[in-house]
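Here is a friendly walk through a few features of this model. Keep the viewer open and follow along.

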Amino acid sequence: MIPGINAPFGYVAKLTGAGVDDLKLLFSFIISYPLAAVLKRIPDSRPNLKNIYIVSIGLFFLIGLFDLYAGIRTILISAGGTYVVSYYIDGTLMPWIVFVFLMGHMSSNHIIRQRLDDPSQVDITGMQMVMIMKLSAFAWNVHDGRIKRDLLTDGQKEKAIYKMPGFLDYSAYVLFFPALFTGPAFDFNDYKRYIETTMFEVKKGDPAPPTRGQGRIPRSGTPATLKLVEGLVWILLFLQLGAYYYPGFVLTDQYWTYSFPRRVWYLYALGFTSRLKYYGVWTLTEGGCIMSGLGYNGIDPVTKKARWDRLNNVYPWGIESAQNARGYMEGWNKNTNNWLRNYVYLRVTPRGKKPGFRATLITFTTSAFWHGFYPGYYLTFVLGAFVQTVAKNFRRHIRPFFLKPDGKQATKYKIYYDAACWLITQTAFCFVTAPFVILGFSDSIKAWARVYFYCIVGVAASMAFFASPAKVWLVKRLDKRNHPHVLNRTMSDSRMPHLGMPDTEEIDRAVDEIKAEVEERRRRGSKVEFPSGEKLRHAISQRVYLNRNEKGEIVAIGDNKMDLDHVSETINETVMGSSGKKERGH
C-alpha cells in the first residue's frame, strides 16, 4: 500500500460514517474514468503499451490502494491455473476441469469470508466471482477453437479462441481495471478486438462515429459522464435511504409494532434500498468501460449513432416498473444471466438436444454456489423459482381474459390488471429477496414470519388452484370466450430469467415466420436467401419486437435486441436441424 494513502479516506470516513474500504472502492470506480480516458488516447498502433498500462493500473488498485496481496495470490492461482489447464489439456473435459477448479477455489474463499463476517472490509470474493465468469468462458472459447467449426453456433465461432493468447494480452484481460472488482465480465475475443481496435470497424453504409485525432475509438465522454452521474445519484440515494431502511430493523421489537401493511412497505423499501447500491456500482463500472471504449456496440440502425450498451448489466426502470417475474429479472445482473446461459445451461445440454430439467437443475446449483453459502441466498433462489412458476400460470391462464379474443388488443380492464400485477410482483419479490440481504437462516425465517409468510401462502394457494380442476375450467372458459380465435401460449412461458434461461419459444416463432416469408418470396420467383449472422440477429429482433407489440406487451427500450448466441442456438435447433446442417435450399 502507498504510504499515507489511507489518511484522506479515514478523514472522510469519520465525517460520513462510511467504511474506509467502501470509500476506496468508490474512489477506484470514479478514478477509473480519467484513467480510462488516458488509456483510450494511447496510440492504436501500440496495443502492448495499452496492455502494460492496464496491468499497471490493476496492480495499483490491488496493492497500492487496497493492500490486497491476497488478491494477487488469488488471481495468480485462478488465472494461472486456467491458462495452464487450457494450454496443456485437450478434449471435452478441459472446460469442466477449469470450471470445477475455479468454483472450488472461490468456495473456499466464500467460507473464509463468512467466518470473518466483516462487511466493512473489501474481500476478494466479489472480484473472484467476476473472474470465474471471464475465466470459465475463456476455457470454453479455447475448447471451441479446437473443434470443427461446423459443430459451433455462429456466436460460438465468433468467440472461439483459435490461438492461445500471449502473457501480456491474457494478463490485461484478467486485470482490466474499470471492471476489476465488480465487473462487468466479457469474453476474451471482445477484449482482443478492443485492444486491436478491430471492434470499431464501420460496416459499409453506416456513418463513422466521431473519433479523436487519428484514433479509431469513437468519442465516448458524454455517454460515460452520464453513467457517472447516474451511478453517483444511485449511491447517494442508497446512503440517504440506508439510514432508514436496513436489514437489522426487521428483527427489532419496534418493527413488530407496525401494522401489517406498514411492515410489508418496509420490506419493499428495504429491497429497493438494497438494490440502489448495485444500481450505483454497476452503472459506475459500466461507465468506466464506456470511457475506455470497450462498451462500444456498433451503430444503432435507427439513430445512426454509436451504441454503448455492450456491457450493460442492469436496467433499473425495468425492475422497478416490472409487472411480472420475467420483466423483473430481465433487468437484473444481465451479464451473469448471459454467462449462466452460454457457459452452463447450453453447455450441459447434449448437441442436437433442447435444454431440459437436468440443464435447469445444474444451472440453478451453479448460480447458488457462485453466490456463496449464506442460507438466505438459497431461500431466495428456491422461493423465486416457485414464484416464477406461479407467474407463468397466471400469465397463461388469467391474462388472456383481459385481452380481446384475438389476443392482440387490450380490453378496457387491462389497465387494472396491469396495476394489480405490478403491486403483486413488487410485493412478492420484496418478500422473496429479503433473505438475500438478511443472510442468516433463522433471521430470514423470523423476518418472513413477521409478515405471516404472505408470499409463501400465496404461492401455495396459487399452485393448488392451478393443480385443481379449476385450471381445466379456466381453459374451457377461455376457449369459449375466444372462439374462433386460437391463441398461442404467452411468450414468457418458457423463460426462466433468474437462471439466464433462453426464451426459445418466441425465437422459434420468429424463425418460423421468417422462414415462411423466405419460402413464399421464393415461390414468387425471388432469389432471396435465408439471412445469417448479424442480418439474422436483426431480422429476429425486429420480428420479436413486432410480435410482442401485437400481443399488447410492454416492450422496454432495448428489449427487442436478442443475444447472438441465443439466436444461433435456436437457429441450429429450429432451422438447421439437430445435426447442425442447413436444410436444403437455405
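## Two helices side by side

Let's start with a helix pair in this predicted model. Helix α2 (residues 20–41) and helix α10 (residues 221–242) have axes that come within 12 Å and cross at roughly 175 degrees. Angles over 145 degrees count as roughly antiparallel, and α2 and α10 are therefore roughly antiparallel to each other.

On the α2 side, the contact is made by L26, I30, Y33 and K40. Helix α10 contributes G221, A224, K227, L228 and L232. Sorted by character, the residues of this contact between α2 and α10 divide into 6 nonpolar, 1 polar and 2 charged.

## A nonpolar patch on the surface

Next, have a look at the surface around V84, Y87, Y88, I89, L93 and I97, which form a nonpolar patch. Together these residues have about 630 Å² of accessible area. Helix α4 (residues 69–88) supplies the largest share of the patch, 3 residues. Y88 is placed in helix α4.

## A salt bridge between two loops

How many salt bridges does the model contain? The count comes to 13 salt bridges. One pairs the side chains of R146 and D90, at 3.9 Å from N to O. R146 lies in the loop between α6 (125–144) and α7 (154–159), and D90 in the loop between α4 and α5 (94–116), so this pair ties together parts that are 56 residues apart in sequence.

## Backbone details to check

Most residues other than glycine have a negative phi, and most peptide bonds are trans. Two spots are worth a look with that in mind.

The peptide bond joining G183 and P184 is cis, with omega about 10 degrees. You will find P184 in the loop between α8 (167–174) and α9 (188–195).

The other spot is N333, which is not a glycine yet has a positive phi of about 45 degrees. N333 sits in the loop between α14 (325–330) and α15 (334–345).

Technical notes: Residues are numbered from 1 along each chain as its sequence is written. This is a predicted model: local features need pLDDT of at least 70, side-chain atom pairs count only at pLDDT 80 or more; totals for chains, interfaces and linings use all residues. Side-chain values use heavy atoms; hydrogens and water are left out. Axes are lines fitted to C-alpha atoms, for helices over the stretch in contact, and angles run from 0 to 180 degrees between N-to-C directions. Helices (H or I, at least four residues) and strands (E, at least two) are DSSP runs, numbered from the N terminus. Angles under 35 degrees count as roughly parallel, over 145 as roughly antiparallel, 65 to 115 as roughly perpendicular and the rest as oblique. Contact means heavy atoms within 4.5 Å. Ala, Val, Leu, Ile, Met, Phe, Trp, Tyr, Cys and Pro count as nonpolar, Asp, Glu, Lys and Arg as charged, and the others, Gly among them, as polar. Patches are made of residues with over 30% relative accessible area and no salt bridge: like charges are joined within 9 Å, nonpolar side chains (Val, Leu, Ile, Met, Phe, Trp, Tyr) within 5 Å. Accessible areas come from the Shrake-Rupley method with a 1.4 Å probe; for residues, only the protein chains shown count as cover. A salt bridge is a side-chain nitrogen of Lys or Arg within 4 Å of a carboxyl oxygen of Asp or Glu.
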